[in-house]
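Please open the model in a viewer and keep the selection panel at hand. The stops below are meant to be followed in order.

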Amino acid sequence: MINRYFYKSSLSEFAKESSDSIFGKISRCDEGDSVAEQKFAWSEEIEIMQHISQSWMNENGEIIFEYSIPRLGKRIDVVLLLRGIVFVIEFKAGKDAYLQADMEQVLDYALDLKNFHLESHQRTIVPILVATDAAQSSQKLFFSIYNDQIYKPLLSNIDNLSRLIVDVVGHEQAQPSNANEFANWAISRYSPTPTIIEAASALYQNHSVEDITRHEAAGAALEDTTQFVLDVINHSKEHKEKSICFVTGVPGAGKTLVGLNVAIQQSIKAENDPEGERNLAVYLSGNGPLVKVLTAALAKDKQRREREKGNRYNITDAKREVSQFIQIIHRYRSNMLAKIKLPITDGKLEIDETKSIAHHTAGHGEVEHVAIFDEAQRSWDLEHLAGWLARGGSRGGMKKVANFPMSEAEFLIWSLDLRKDWAVIVCLVGGGQEINTGEAGIGEWIRAVNETFPEWKVYLSKHLTDKEYAEGNVAELISNNPNAQQVDQLHLAVSMRSFRAESLSKFVHYVLDRDIEQAKDLYQTFKERYPIVLTRDLNKAKRWLEEKARGSERYGMVVSSQAYRLKPLAIDVRLQPDIESWFLADKMDVRSSLFLEDVATEFDIQGLELDWTCLVWDGDFRYTPDGWDHNAFRGSKWQKIRQKEAQSYQLNAYRVLMTRARQGMIICVPQGNPNDHTRQPELYDDTYYYLKSIGLEEI
């Protein structure tokens, strides 16, 4: 959504407005067609809260329905702002019991507001769970174990909610609010508290996330790149400049780790200045699985360490701490979109002062000075982003924004450019990894800087001029920019992912380029350290994985998202895995990659890796002596992919799939079935014999 809330009103106006009018306003903001149960719940919530508001209609209070906590992607049913107190109310319409998960949910909302919502940092927050048909309600009031003005969740049925609110007001001895007390609450800035920053920093410094972003090689290169970026940040701060860095690297070289290191080191150094501003950084990625797995890995490791000490520790607390510096880019973007004036006129974005609070140094920008954008080449082009916003999002239920004038890259630079003091953007760039329609590539970032933000300093990896980046036109794009300079330290040339085979990415490049001799020669140099073997039997492939893995090493199956005809092998790409469990659960969990039932596609695994992988190669991407044959399965047959861009995405998908293993992989090319016209042996044979000709051993 773009708006922070579906409905907001003073208590006096809310008490007098018709319930039908309120319901209509809420429904119009809905992100899609809600089910009947949700619409019934809204009707009941409106009725309950209007009854309660009658007692407070002469007070300076506010009520908000479906409030979205800034940048966290969570939405609260009802927020009641009364006498300086924030009541967070979660309704369970028709429920007659208070479930533990529901109590944790409403407490999480309260904690998120306390930790990330500037206008709530110093306020008393009261989470209330309303199971409308429950028999009993809370009789006593307690602060939670956190000792930070947050109440332990109160439990209420439909009849006792009004009494509980009165009891809390009395318990707090809260006095009537002045007219402006909550004026900025609904449009509050996202701002982590110092305690959440300290917790996130301490958590990361003791992490074991190297299990999924291993850094056993190229340590010096990583350190050099990280230090160069930190030097740019310090220089930009000292000279009040705005700068952008482009970090390139071969697949698995550690670009993500550089981004995380920069983000957390900035958080570690974050200190309060006299005005309360901190030099924070945030790591942003559009890769949902990557963010989810990184967050879960850090959180689970923290929980394990606390339990070893004999301490109880809630994993949601750890995830909350991690989310201070690892976030989904779409939520950052949506938070900025919520600040602009609508409708957009004359192709220019302007800030709506009624939707955003200006900060003395950040202006209308976000709290962070530094934003790290992972997989920056995957940002949307103007046509894709403008069309998506004009349609109201993927499902057409979001507020529609017509005539949006910027690509995603330009909009993200614009967002940082709003800061009044200094800012740094770090773009982590993977070459040849665009796998989605609408991805603009890195050239769009440079074009935006050249044409719209020419005062920004630009630091580029010298390899950004290579063909695989920006279709080779980067040199031309930067040739007339006097603020651009190319440096060696911004390229990571050695793969850490395959720490036994530093040349794996180059080998995959030769394979996909159909350069048999180069691929064969290169493979001979590392095959003893990094085995790549072939089979036509999936059961053999599974046994190979199980035999190779030692100790806690992870293995799993990966396939193309177009691999629709692996269903006879019990592989259905339409069934998405529980990606957190797939990467992190043990072999006793059927959702784990180790169970060898669920598969991950290029979209699930990009940016992540396992120790050992099995790539099951379907008939969507076929070798022929004349070139790769690109296909997509539609209806009941394969159809040729003729569009060059779509062909490039498919080739890049296999590039991603072939570079996910740290220690080795097995490629399974099925035999096919002569009795199945969609799986004829000839759809697979040429690919198999091509891979075998490179020197891969058959098992």
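Select F91 and V130: F91 stands opposite V130, a residue of β5. Such pairing of strands requires that DSSP find at least two bridges between them. The model is predicted, so that local features are taken only at pLDDT of at least 70 and side-chain atom pairs only at pLDDT 80 or more, whereas totals for chains, interfaces and linings use all residues. Residues are numbered from 1 along each chain as its sequence is written, and side-chain values use heavy atoms, with hydrogens and water left out.

Extend the selection to residues 85-92 and 124-131, which are strands β4 and β5; they pair in the parallel sense over 8 bridges. Strands (E, at least two residues) and helices (H or I, at least four) are DSSP runs numbered from the N terminus.

Next, display the whole sheet. It is open, has mixed pairing and consists of 6 strands in the order β1-β2-β3-β4-β5-β6. At its edges stand β1 (7-10) and β6 (154-156); each has a single partner strand, so one side of each lacks a neighbour in the sheet. From one strand to the next, the twist averages 30°. Angles run from 0 to 180 degrees between N-to-C directions, and axes are lines fitted to C-alpha atoms, for helices over the stretch in contact.

Add helix α3 (residues 36-53), which packs on the sheet and touches β2 (62-69), β3 (74-82) and β4; its direction makes about 145° with that of β2. Contact means heavy atoms within 4.5 Å. Then add helix α4 (residues 100-116), which also packs on the sheet. Helix α4 touches β2, β3, β4, β5 and β6, and its direction makes about 155° with that of β5.

Now select Q173, in the loop between α5 (161-171) and α6 (194-205). Its phi is near 50°, a positive value in a residue other than glycine. Is Q173 buried or exposed? Q173 is exposed, with a relative accessible area of 65%; exposed means over 50%, buried under 20% and partly exposed in between (1.4 Å probe, protein chains only).

Move to E375, in the loop between β10 and α12 (382-390). Phi of E375 is also positive, near 50°, but E375 counts as buried at 10% relative accessibility.

Select L342 and P343, where the peptide bond is cis, with omega near 0°. P343 is found in the loop between α11 (329-337) and β10 (370-374).

Finally, show the entire chain: its secondary structure comes to 22 helices and 23 strands, and 60% of its 699 residues count as buried.
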